[in-house]
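Biologist: I should like to learn how to read a metal site and the pockets of a protein model. Could we proceed feature by feature?

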Amino acid sequence: MNEYILGIETSCDETAAAIVKNGTEIVSNVVASQIESHKRFGGVVPEIASRHHVEQITMVLEETFDQAKMTMKDIDAVAVTEGPGLVGALLVGVNAAKGLAYAHQKPLLGVHHIAGHIYANRLEKEFEFPLLALVVSGGHTELILMKTHGSFEIIGETRDDAAGEAYDKVARTLNLPYPGGPKIDQLAQTGEATINFPRAWLEEDSFDFSFSGLKSAVINTLHNAKQKGETMKQEDVAASFQASVVEVLTEKTVKAAKQYRVKQVIVAGGVAANQGLRTTLQSKFQLEKEINLFFPPLSLCTDNAAMIAAAGSIAYQQGHKANWELNANAGLSLEKYTQRQKVIHSK
Ligand code: KG4
Ligand code: ZN
């Protein structure tokens with residue numbers, strides 16, 4: 001018997017719904033982006049995000065069912081991002097999911113946003129354990145070891161800014177529109193890494209990251225040049241910044257993959273779309289014949305609901321159903337989420 005999960009995602013600035021078959025196959029996938037509305041403010045405005053979600057959610061759900069030629073009768077369970085994210089934004093998805101699940105008497109599943117980003121990969125390629133996930137998004141930078149489905153062991157994380165956050169802040173200083181990550185990535189392709197920005201390696205045995213020093217170094221360099229009336233090539237600043245981020249992410253990922261003897265390395269989150277990161281990781285892992293490197297397609301790197309349905313499928317199979325008290329949890333940690341599943345935090 002086939003299993004169909006409806007996924008709903010509203011944690012930040014995309015209103016998204018999707019139907020996924022057997023945890024691995026997209027039946028329909030609809031994303032309504034709000035980027036245009038937030039651009040003029042240079043970042044996501046939480047109140048505006050919530051209002052857009054309220055306006056969009058019904059249409060997005062209708063489109064999802066239309067594309068799939070299905071109704072709620074065909075759905076086995078409803079999975080929704082319960083956190084982390086913007087509380088007002090999350091609430092819209094959680095309430096839509098609860099309403100649908102209750103009205104149609106279907107099981108409800110709460111999904112951690114990062115578990116979703118990781119499971120986006122499973123829509124393209126089956127997991128092989130032990131697996132290492134490099135999660136790089138606007139709010140997260142983590143190295144996560146998975147020994148089995150639904151088990152997330154954080155072996156390294158950022159001590160300050162997330163990689164995507166650093167991209168967006170540097171982009172703002174370069175007067176590039178939000179979200180800055182893709183713009184810097186584009187500029188970096190044509191520039192040269194002429195400036196030697198710092199790399200935060202931290203302690204020898206640590207898989208943690210730190211990007212705030214790098215971010216400040218870039219901002220200071222730009223301010224100093226401006227004060228002296230010097231012009232710096234935007235492309236070279238972008239290429240130099242990207243070289244620093246990519247080198248640290250790549251080196252730590254390769255080291256962790258070898259140390260934990262993983263079979264597969266997957267990259268997840270918005271920054272997984274980065275061309276520089278893709279190319280460098282690919283060339284490093286070419287030398288590691290027994291480790292299989294995988295990236296999700298660009299459309300599944302940024303926020304979507306197919307990834308929430310894919311992670312929801314595992315929660316469903318493992319029997320981790322939510323009750324009607326499920327609530328938006330803005331600060332939900334991966335540890336707390338996996339307490340219902342398997343939790344380990346070894347650092
Ligand atoms: O995963 P995501 O859509 O949302 C969060 O859960 O945070 O990630 C968004 C982040 C933003 O910071 C954006 O600038 C960054 O991903 N991003 C990129 C690229 N595409 C998106 N960063 C670097 N290079 C890219 N090509
Ligand atoms: Zn995300």
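Biologist: Is Asp-303 buried or exposed?

Modeller: A residue counts as buried when its relative accessible area is under 20%. In this predicted model, Asp-303 has a relative accessibility of 14%, so Asp-303 is classed as buried. His-113, with a relative accessible area of 7%, is buried as well.

Biologist: Which residues coordinate the zinc ion (ligand 2)?

Modeller: One looks for donor atoms within 2.8 Å of the metal. Here the zinc ion (ligand 2) is bound through NE2 of His-113, NE2 of His-117 and OD of Asp-303, at 2.0 to 2.1 Å.

Biologist: What is the geometry of the site of the zinc ion (ligand 2)?

Modeller: Four donors count as tetrahedral if all angles lie between 85 and 135 degrees. The four donor atoms of this zinc ion make angles of 95 to 134°, so the site is tetrahedral.

Biologist: How are the donor residues of the zinc ion (ligand 2) spaced in sequence?

Modeller: The spacing reads H-x3-H-x185-D. His-113 belongs to helix α4 (residues 113-119), whereas Asp-303 sits in the loop between α10 (298-301) and α11 (306-317); the pair therefore ties together parts that are 190 residues apart in sequence.

Biologist: What is the volume of the largest pocket, and which residues are closest to its centre?

Modeller: For a pocket, one may consider its volume, then its lining. The largest pocket has a volume of about 1,100 Å³. Its lining comprises 36 residues, and those closest to the centre are Ser-137, Gly-138, Asp-168, Tyr-178 and Pro-179. By character, the lining divides into 12 nonpolar, 16 polar and eight charged residues.

Biologist: Which parts of the chain supply the lining of the largest pocket?

Modeller: At least two residues come from each of α4, α5 (163-173) and α6 (180-190). Of the lining, α5 provides the largest share, six residues. Domain 1 (4-119 + 301-346) and domain 2 (128-295) each contribute at least three residues to this lining.

Biologist: How many residues line the second largest pocket, and which elements give two or more of them?

Modeller: The same reading applies. The second largest pocket holds about 290 Å³ of space. It is lined by 13 residues, with Thr-173, Leu-174, Asn-175, Leu-222 and Lys-226 nearest its centre. The elements giving two or more residues are α7 (212-227) and α8 (234-259); α7 gives the most, with four. This lining consists of five nonpolar, five polar and three charged residues.

Technical notes: Residues numbered from 1 in each chain as written. Chains lettered and ligands numbered in written order. Predicted model: local features only at pLDDT ≥ 70, side-chain atom pairs only at ≥ 80, totals over all residues. Heavy atoms only, no water. Donors = N, O, S within 2.8 Å, 3.2 Å for Na, K, Ca; no water. Tetrahedral: all angles 85-135°; square planar, octahedral: opposite > 155°, others 65-115°. Buried < 20%, exposed > 50% of the residue type's maximum accessible area, 1.4 Å probe, protein only. 1 Å grid on protein atoms, 1.4 Å probe; cavity = no way out; pocket = protein on both sides within 12 Å on 5 of 7 lines; lining within 4 Å. Points joined across faces, edges and corners; volume = space filled by probe spheres on them. Nonpolar A, V, L, I, M, F, W, Y, C, P; charged D, E, K, R; others polar. Domains from an automatic or database assignment.
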